[in-house]
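Here's a quick look at how the helices pack against one another. Let's go through the contacts pair by pair.

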Amino acid sequence: MDRKSAATSATRWSPIFIRLALGIPMVVSGFGKVLAVGPKSMGIPGFSGFLASLGVPLPTVAAWGVGLLELVGGLFLLIGLLVRVVGALVAVNMTVATVLVHLPNGYPASSGGVELTLSLALVAVAVALSGPGSFSLERALFDGELLTDGANPATQAD
């Protein structure tokens, strides 16, 4: 394999690993928020109460919105559906979490700092910019990406 074909192959296939890096933590977090299951279980009532303590308006609506974004959006990332849209929404979600919740705690994740949420926000931006890659439901069902004109050469199938 020559250098150009190796680079093309990496460009086509690497987005799946970025999607997995973001989708897995989103699904785990979403399960905890929506279904009160797993290592981050709090359920909508607990999460809504937490958001209310932060002064978030309409905390129950916000809890459902964030919980469903993380759960359903995370699943969409894993299968490669509406990847750019979900990536952008998760970037906003993680940026808000970074500023509202984690910033006062400094950097290390071990002390509740910005380390994880900032990293997830940046990965989400990368997902929104890179798109689903070759191995995605968008490619399989629509022979390209949804919601784009197909002008991004980095995500074009050979």
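In this predicted model, the α2 side of the contact with α3 is made up of I44, F47, S48, L51 and A52, and these meet P59, T60, A62, A63, W64 and V66 in α3. Sort those residues by class and you get nine nonpolar, two polar and no charged ones. Helix α2 covers residues 43-53 and helix α3 covers residues 59-79; their axes come within 8 Å and cross at roughly 120 degrees. An angle from 115 to 145 degrees falls in the oblique range, so α2 and α3 count as oblique to each other. As for handedness, α2 goes past α3 in a right-handed crossing.

F47 has another partner besides: K33 lies over the face of the F47 ring, at 5.0 Å from the ring centre. How many aromatic pairs does the structure hold? Zero.

Next up is α3 with α4. On the α3 side, V66, L69, E70, G73, F76 and L77 do the touching, and on the α4 side they meet V83, V86, G87, L89, V90, N93 and M94. This contact divides into nine nonpolar, three polar and one charged residues. V66 of α3 turns up here and also in the contact with α2. The axes of α3 and α4 come within 10 Å and cross at roughly 140 degrees, and the pair is therefore oblique. Here α3 passes α4 in a left-handed crossing.

Last comes α4 with α5. Helix α4 spans residues 83-102 and helix α5 spans residues 115-130, and the two pack at an angle of about 160 degrees with their axes 7 Å apart. That angle makes α4 roughly antiparallel to α5. The crossing of α4 past α5 is left-handed. From α4, the contact draws on V83, R84, G87, A88, V90, A91, M94, T95, A97, T98 and H102; from α5, on T117, L118, L120, A121, A124, V125, V127, A128, L129 and S130. By class, that comes to 14 nonpolar, six polar and one charged residues. Several α4 residues in this contact, including V83, G87, V90 and M94, also meet α3.

Here are the three pairs in brief:

| Pair | Axis distance | Angle |
|---|---|---|
| α2 and α3 | within 8 Å | roughly 120 degrees |
| α3 and α4 | within 10 Å | roughly 140 degrees |
| α4 and α5 | 7 Å | about 160 degrees |

Notes:
Residues are numbered from 1 along each chain as its sequence is written. This is a predicted model: local features need pLDDT of at least 70, side-chain atom pairs count only at pLDDT 80 or more; totals for chains, interfaces and linings use all residues. Side-chain values use heavy atoms; hydrogens and water are left out. Axes are lines fitted to C-alpha atoms, for helices over the stretch in contact, and angles run from 0 to 180 degrees between N-to-C directions. Helices (H or I, at least four residues) and strands (E, at least two) are DSSP runs, numbered from the N terminus. Angles under 35 degrees count as roughly parallel, over 145 as roughly antiparallel, 65 to 115 as roughly perpendicular and the rest as oblique. A crossing is left-handed if the near helix is turned anticlockwise from the far one by less than a right angle, and right-handed if clockwise. Contact means heavy atoms within 4.5 Å. Ala, Val, Leu, Ile, Met, Phe, Trp, Tyr, Cys and Pro count as nonpolar, Asp, Glu, Lys and Arg as charged, and the others, Gly among them, as polar. Rings of Phe, Tyr and Trp (its six-membered ring) pair if their centres lie within 6.5 Å; planes under 30 degrees apart count as stacked, over 60 as edge-to-face and the rest as tilted. A charge sits over a ring if NZ of Lys or CZ of Arg is within 6 Å of the ring centre and within 35 degrees of the ring normal.
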